[in-house]
Structure formats: C-alpha cells, structure tokens
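Colleague: I am new to this structure and would love a close look at one part of the surface of chain B. Could you take me through a charged patch there and then set it in its wider surroundings?

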Amino acid sequence: MSARDDSTELMILAVDDDPAHLQITLRALRKLSPKITILQATGISPAMQAIRNATRLDLCCIDLNLDGCSGLTVLDEVRKHPHFARIPVVMVSTSCLELEQAECRARGASRFVHKAENPRCYQEALIAVVRELISTKCD
Amino acid sequence: MYYSPLVTILDHPRTVRGLLAGCALIFVAALGFNPLSWTTLICALILGTVCGLYLARSSLTKLLSPSSPPRPLAEMHREQAEARTTLQQYASLVDNLAAAVVIRNEAGKIVYCSPYTEVLTGYARTEMESRTDDFFLQIVHEEDREKLQRALQINISGEPFQFRCRYFHKSGIEMWYETRTVPVHSKGGTFLFSLSITIDVTATVRSQKQLEERNKDLQDFTYMVSHDLKAPIFTLKGMVGVIKEDLGATLPADAVETFQHIDRAAQRLEQLVGSILEYSRVSIQETKSEEVELDQVLNDVLNDFTVQRESCKATIEVASRLPRVVGERIKIYQIFSNLIGNALKYRDAGRPLRIEISEKPQRFSRVAQIAVKDNGSGIAPEKVPALFRPFQRGATHVEGLGIGLACVKKLADKLGGKVEVQSELGVGTEFLVTLRRAAPSLSTLCE
C-alpha cells in the first residue's frame, strides 16, 4: 500500500479534560491535513461514547490524566473494540515519569508525547509522531 | 598445714600390703632362729618397711616431684570465693539487663527467664518457665510464627540466628522485638543449651514506618507538583502562543510587550517548579553506601564543564591525590558539579577565574574535607547565614533560582557529611565539603 497523501481524510479522536490543552492539541493536529476530521472529547465518558458511536477511527490522541482518572481506561476501550483495536494511540501528558510511560507501553499505547515546557515543542513532536504512525499504518 | 608424706605413704594400699608381707616373711624366717628375741622383731619391722617403700616407689616419686607441689588450702578457698563473686556479678548483670535473657535446654524447654522478660511480655516468669510448649509461640504474631519456629530449632541447626518479630504484650499492644539466639556447646561439642537475648525495638520500627509514610507523602506531593502545577503553566504559555500566532501581526506594540511579560513569568514559574521537584527528589531518594574515588568524580565533573571553562578561560587546579570517600557516586558528583558550576557562574568579570580543589588536613581521620576555592565575586556577609536555604541567592547579577546550594547541603547531609562556606565580597569564596573517609586499602597501607 502507498503512503496516504494529503487528500485522504483522517478521522482522529482527541481526548483531554483541559479545554486549553485540547485546543493546543487540536491546532497541532489540524496542521497535518486540511481534510482531517477531529472528534473531541473532554472526559472519559464522552470519549467512551465517541468510540462506541464512531463508524471510522484512524488514530486516537488521549491525555493520560482525565478528571483525576486514568486516560488508560480509554486506551483499553479502544484496544477492546472489534474494529479499532489495532489503530495507533498516542498518550500525552504534562508528567514525564518513566513509570507512567512504561505503563502506557505495557497497556498498548503506540507512542507517548510529553507536553513539554514549550507548547510549540509539544505540538511539533505530536505532529511528527502522528505523521510517522499514519504512514507506518498505510505501509 | 601440709599433708604429711608419711600419711600419704601409709594411705597407699600397696605400701601397707608390702609392709605387712615383708614383716611376715622376716618374722617366719626369724622363728626358725629365735622367735622371742627383740632383735628378731626389730629386724623384721625394718626389712618390712624397706619392702613396702620399694613397692610404693611410684607414689613416692610423684609426691617428691617438683612439677606437682601441694596446694595450700588458703589458695583453694580464695579461688572459690573469687568464683562465687564472678557468679554474683554475672547474675547481677543478667538481672539488671534491659534485655530479656531466655535459656532453653536441649529439649527446647524454657528453663530460665531473666526478670526483664516480665517487663517485655507482661507475663510472670513462672508462667513462661512452667509451660511444656514454648511460651513465646503463644504470643508471637501469626505472620512471624515461622521465624520464631526456625529460631527454636537452634539446637538442631547449631547456628546463631537473629530475627525481628512482632509479639502481643499481655496488655494487647503489638510490640516489635529483636532476638539473637545462640547455641552453647561443651568443649566436646555437645549441645548444652540455647541462649536468647531479646531487646525492644518497637520505637525504632515505628519511627521507620513514620519516615516511610512521610517519604510517601513527599512522593505524592512531588507527583502533584509534577503534574498539577505544570498543567496551568503549559496553558499559560500555550495560550500566549495561540494569541501571537492568530493575532501577532495585528497586535499593537504594548500588547506584544505585555504578552512577553506573561511569557517570561510563565518561564520563571516553570523553572521554580522544576527546582522544587529537584529539591524534593534529593530528599526522597535513598542513599547507597559505596567507596568512591574523588579523583575520578572530579575528573568527570571537569570534563562536563569543558565548554564553560574554555569560554571564560577559567583555570581549575585539582590536588594530585584526593581521598577515597564513602557515599553514593552520583550524589557526590552532583555536589561538586553544583559548586564548580556556581564558581563559573559567579566569577568576577574583572579577572580570570581560578578554582583550586584540595584536601584540608583533618584532626579526625574518619572524615575527609575537600575545599573548592575560587577568586570569584564573593558573597556579601549578610547573605552567608541563609545561603544554603532554598531560593536564597548569594548574588543577583547572574540568572539563577537559588536552589543549587540548598541541594548541595541536602546531598551532603544525606551522605553523612556537611558543607560550609567562607567568603569575602570582591575576593572569592571557599566551600568546604566534609565527607566520610573510606578505610585505607591494602595498597595504600603498603606505600
């Protein structure tokens, strides 16, 4: 299969309980392609609902801490889904503890991106990771 | 009074038989000549005595030998009195020891408990000594029962055994005791009895648990700081970035400057949060104990500062032979890295920076003191007392947060050492780092 070009639609689910962080993430994802569709969820329950109702999902970007609960719950839901179990999932967090990153990998996350000191660096890192994951999925 | 050799001779059965036999023979022989003659009788007695002495010659030899002189009775009495005094002293020691002494016989039965056993357990000694099973198995915590049973097998294993257990005092309070049990054998190797000495370590264990809880609280706090404080800082900086991106071209100059202030404040806040995290990590981390070559550590630190040294043309001299110390290598590295980094940062712009690192002779050989001396800008005397507190700065003309020296002090404390400072404004500063000295190696002793 050839790599996707910019004309192909992408359906991405972005989950973050902080509206400002969600906006920073969305601005980064929109730079990937003008024909990208982003589903937004501001908590665990809306995220679960979005996954169950979606007819198509190409990638998920999930914050590790959602309203004091673990975003890994949403990751588990994606990995159990009959159609979306193998899609790339990127976990993001302001915390960069090695233990947390290891747990994300163990539960099936494809990548971990740190919401680094500079939001611009976070956005650039997120874009690079998503591009790599999407092109790998297509190959 | 000496025992008379004559009494000893006559006590010897062989001597008496010899005498009698000798006399009888001579008497019978004399009968043949003149049975009633006094001369005959005297001769019989003399010859009989000679025969007896001959038969008892081995006993006589022992008596007269210089290697076994007879012992005076007074000396024996004195030795017995000394033995009684020693026994009284040991009995007094055991009775007054703030530790429970328990003796078990070869069958494992408790035959003796010292008075302090009653204090530790709340039970009477008679109660402990009268049981057929081991009393302590009745009061030990269920989870520690196996440890105690292993100790009670001491007469089989023949090895000393030390362990810590929970017991229930008669009052119901859970206590922690540390016990050392040793087997006692005769000279021939036969097991005689086992001796257990137990002390109360409840206060120590409870302090340790409190310390663990405080560390856990600190870890939770660190995690909270790591995430919950960083999140709004990320928002601040992110939103400023969004505004600049969307409206940057249309913003008036004063609005741009305002957002720059917000950006700088967010940066500063982020650095402060990072410093708090770094300081609390130093507090939480466990410290390993190993022997560290200071020469190698300083070499690594200087290598890591190569670029900064060359850019400011600093000279750093390290003494030819620094001591080996006891501590954790990474923490010792952090101490000297902070100090040398500070010296480079707070140098005097008017002269080339010179840093000297050497060992200061110490009165006590158990510690080593290393001096890091520079000719930098120095520290004002009013700032010195609070220099090692977090967020205190010796000088403000250079960017910094004031957490480095607080970390140095915390690290030195954790290594069982300390750090001190002497400084003169405009002249320079000397930091004195005291660490535990490692025992000399065999090669050093042979030099």
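**A charged patch on chain B**

Modeller: Happy to! B:Glu286 lies in the loop that runs between α12 (253-284) and β6 (290-293) of chain B. Please keep in mind that this is a predicted model. B:Glu286 has a relative accessibility of 66%, and because exposed means over 50%, this residue counts as exposed. Together with B:Glu212, B:Glu213 and B:Asp217, B:Glu286 forms a negative surface patch.

For a contrast in character, let us turn to a nonpolar patch. B:Trp38, B:Leu41, B:Ile42, B:Ile46 and B:Val50 make a nonpolar surface patch of about 550 Å². One of these residues, B:Ile46, sits in helix α3, which covers residues 38-55 of chain B. B:Ile46 has a relative accessibility of 52%, so it counts as exposed too.

Now step back to the whole chain. Chain B contains 17 helices and twelve strands. It is 447 residues long, and 34% of those residues count as buried. The area that chain B exposes comes to about 27,200 Å², with carbon and sulfur atoms supplying 58% of it. As for contacts within chain B, take those with a separation of 6 or more: 59% of them are between residues 24 or more positions apart.

So, back to your starting point: on chain B, the negative patch brings together B:Glu286 from its loop with B:Glu212, B:Glu213 and B:Asp217.

Methods. Residues numbered from 1 in each chain as written. Chains lettered and ligands numbered in written order. Predicted model: local features only at pLDDT ≥ 70, side-chain atom pairs only at ≥ 80, totals over all residues. Heavy atoms only, no water. Patch = residues over 30% accessible without salt bridge, like charges linked within 9 Å, V, L, I, M, F, W, Y side chains within 5 Å. Areas by Shrake-Rupley, 256 points an atom, 1.4 Å probe, with all protein chains shown as cover. Salt bridge = Lys/Arg side-chain N within 4 Å of Asp/Glu carboxyl O. Lys, Arg positive; Asp, Glu negative; His and termini not counted. Charge placed at Lys NZ, Arg CZ, Asp CG, Glu CD. Helix = DSSP H or I, 4+ residues; strand = E, 2+ residues; numbered from the N terminus. Buried < 20%, exposed > 50% of the residue type's maximum accessible area, 1.4 Å probe, protein only. Contact = heavy atoms within 4.5 Å.
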